[in-house]
Amino acid sequence: MSEKQKTLFCGDVNGNFNALFSRVETIVKKSGSFDVLLCVGNFFGNDNSQLDAYRMRTRKVPVTTYVFGPSDVNHVKYYCEEGSEIVPNVIYMGRRGIFTTSSEVKIAYLTGLSRRELGKEIPSCTFEPSDCSAVRDACYRGQSEYRGVDILITTLWPTGVQQDECQKAEVNEDKLSNLIAWLSIHLKPRYHLVPTANKFYERQPYRNQGIHQDYKECATRFIALAPVGSKAKEKWIYACSLQPIAKMRMTDLLQSTTDETECPFDPDLLKQHQPGKVVKVSGNGQFFFNMDASEDDHGKRKRSGGDNAERKRRDIDPDTCWFCLSSPSVEKHLVICVGRHCYLALPKGPLTPFHVLILPIAHHQSVTKSPEEVVKEIKQFKDTLKKFYGCMNNVGVFFERNYKTSHMQIQCVPLPKRCESQILEVFQDEAGINRIELEVLPPYTEISQVALPGSPYFHAELPSGEHVYAKPKQHFPLQFGRDVLSSPPLLDCEDKADWRQCLLSREEEDSLVASFREKFRPFDFTADEDSDSD
């Protein structure tokens with residue numbers, strides 16, 4: 001039986017970093033070390049100057065901290081690439097997803113506001129019904145008998161949860177969501193955490209419902225945490241020890257408590273395989289879904305011309321980019337070797353020990369927008385890696401996703417040579433499942449020949465010399481390349497399809513980098529360039 005994970009949760013931080021981490025440090029001294037701290041609300045505030053001390057390492061974050069969001073348009077600019085560190089030991093996980101900690105605790109999250117229930121779009125801060133489905137599907141994937149998740153984190157409250165006979169919560173209508181109610185009843189979390197603007201709230205545990213009423217499900221504890229440093233002295237930090245749901249005995253998981261209640265959500269939500277397409281508002285202000293209604297203009301995302309500022313890519317400051325080598329934010333311990341224009345680095349959550357990235361030293365968004373000397377050195381790195389992989393009886397697949405990225409990253413993944421004949425077929429199968437129009441390009445085709453500079457694309461170079469290309473549309477799966485390569489016919493490691501589920505410790509990363517450098521040394525052309533410069 002695995003050990004329990006000691007977990008801390010906090011509400012909206014709002015820039016009060018010193019108050020948060022000082023309190024955590026006090027708790028650690030009193031109760032021993034904790035495994036993770038999960039920030040369930042806004043991490044940033046109007047004044048974030050306290051973060052400088054942690055960035056400069058004059059102050060330390062005492063517990064590995066995970067941040068989600070954003071849910072405030074004014075804070076979007078402060079967030080970094082998903083999976084990167086905001087400051088040392090504070091990791092940004094993005095707006096939606098699921099990840100499993102080293103203790104095998106499963107954490108699902110969907111943050112931000114509901115665009116359809118809100119009635120307007122706030123750039124980078126809203127979610128769609130399709131996001132709910134994506135989180136649900138990620139939790140269900142690979143499980144023949146779904147038991148639930150350990151933790152669910154959302155910005156909004158699920159509609160109905162506030163109606164507790166013993167303790168009703170006062171929550172504004174715009175903080176309630178039928179979509180989150182749909183997600184919660186399907187995910188069956190053991191703990192559901194949300195932020196609240198004022199008063200701490202802990203509901204009596206409720207027993208989840210199953211499709212079959214005679215089948216007992218686990219119970220959920222719903223908790224709303226006040227903002228950090230609450231002036232009203234409301235509770236803003238919460239601690240618990242969690243046995244992973246996957247390791248629990250069914251008798252323990254289904255054990256009843258004396259204060260538990262029935263599930264507060266409409267059981268008909270379980271019959272909806274997808275959340276409602278059209279959200280309407282009844283006369284009393286309550287939201288409901290019309291499952292039979294056809295999609296109309298109100299149910300579609302407004303599309304406008306090129307002048308729509310909301311759709312323009314934010315300008316990136318190279319000094320704050322997480323991949324520009326000169327940036328103080330880059331994680332230099334992951335760097336393997338450096339050429340004249342590009343460098344090789346270990347990715348976060350690698351698929352294999354020899355999975356690496358080719359990245360430009362300066363800030364370039366994609367291959368199609370890179371100068372000739374950068375493209376030339378990328379080819380040199382690829383050719384070198386092919387020889388390196390070949391000596392281990394492997395072949396290399398190289399892919400780039402120029403979609404929802406700011407700094408070019410070419411993923412380089414070795415596969416056993418025996419898989420070579422199946423790679424293209426698996427790419428095509430996965431594209432068919434996701435309704436992606438995948439084109440197979442002739443050998444030696446350059447991506448610049450088919451994609452205009454600045455236009456989004458997915459491109460992969462296969463060992464056969466063939467290239468596959470797709471033009472991403474709305475909801476293009478960000479992990480498409482990893483989904484393909486991690487599938488059973490190839491690497492057979494589907495648990496690594498999402499890099500957030502296979503993050504390594506700093507010690508493990510250091511070990512992989514050292515091992516790669518040692519084996520790669522005979523092939524490393526950048527060492528010769530260093531000698532020439534000397």
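Contact here means heavy atoms within 4.5 Å. The model toured below is predicted.

**Stop 1: Q479**

Select Q479, which sits in the loop between β27 (467-470) and α9 (480-485). Is this residue buried or exposed? Q479 has a relative accessibility of 17%, and buried means under 20%, so Q479 counts as buried. Next, display A497, D498 and W499: Q479 touches these residues, with residues up to four places away in sequence left out of the count.

**Stop 2: the second largest pocket**

Move now to the second largest pocket, whose volume is about 520 Å³. To find its centre, select K379, K382, K386, E461 and H467, which are the closest to that centre of the 28 residues in the lining. Colouring by secondary structure is helpful at this point. Which elements each supply at least two residues of the lining of the second largest pocket? They are α7 (372-390), β23 (394-402) and β26 (457-461). Of the contributors, α7 gives the most, with eight residues. Colouring the lining of the second largest pocket by residue class should show 13 nonpolar, eight polar and seven charged residues.

**Stop 3: α7 against α10**

Keep α7 selected and add helix α10 (residues 506-520). The axes of the two helices come within 11 Å and cross at roughly 90°. Angles of 65 to 115 degrees count as roughly perpendicular, and α7 and α10 are therefore roughly perpendicular to each other. By class, the contact of α7 with α10 comprises four nonpolar residues, one polar and one charged. To see the side chains concerned, show T384, L385 and F388 on the α7 side, which meet F516, K519 and F520 of α10. The helix α7 thus links two stops of this tour: α7 supplies eight residues to the lining of the second largest pocket, and T384, L385 and F388 in α7 meet residues of α10.

**Stop 4: the largest cavity**

Finally, turn to the enclosed space. How many cavities of 30 Å³ or more are there? The count comes to one. The largest cavity holds about 60 Å³ of space. Select its lining in three steps: begin with C39, V40, G41 and N42, which are among the lining residues; add F68, G69, P70 and S71, also in the lining; then complete the set with Y79, T111, T155 and P195. By class, the lining of the largest cavity has six nonpolar and six polar residues, and no charged ones. The lining of the second largest pocket, by contrast, includes seven charged residues.

Notes:
Residues are numbered from 1 along each chain as its sequence is written. This is a predicted model: local features need pLDDT of at least 70, side-chain atom pairs count only at pLDDT 80 or more; totals for chains, interfaces and linings use all residues. Side-chain values use heavy atoms; hydrogens and water are left out. Helices (H or I, at least four residues) and strands (E, at least two) are DSSP runs, numbered from the N terminus. Buried means under 20% relative accessible area, exposed over 50%, partly exposed in between (1.4 Å probe, protein chains only). On a 1 Å grid over the protein atoms alone, a cavity is a set of points where a 1.4 Å probe fits but cannot get out, and a pocket is an open set with protein on both sides within 12 Å along at least five of seven lines; lining residues have an atom within 4 Å of a point. Grid points are joined across faces, edges and corners, and a volume is the space filled by probe spheres set on the points. Ala, Val, Leu, Ile, Met, Phe, Trp, Tyr, Cys and Pro count as nonpolar, Asp, Glu, Lys and Arg as charged, and the others, Gly among them, as polar. Axes are lines fitted to C-alpha atoms, for helices over the stretch in contact, and angles run from 0 to 180 degrees between N-to-C directions. Angles under 35 degrees count as roughly parallel, over 145 as roughly antiparallel, 65 to 115 as roughly perpendicular and the rest as oblique.
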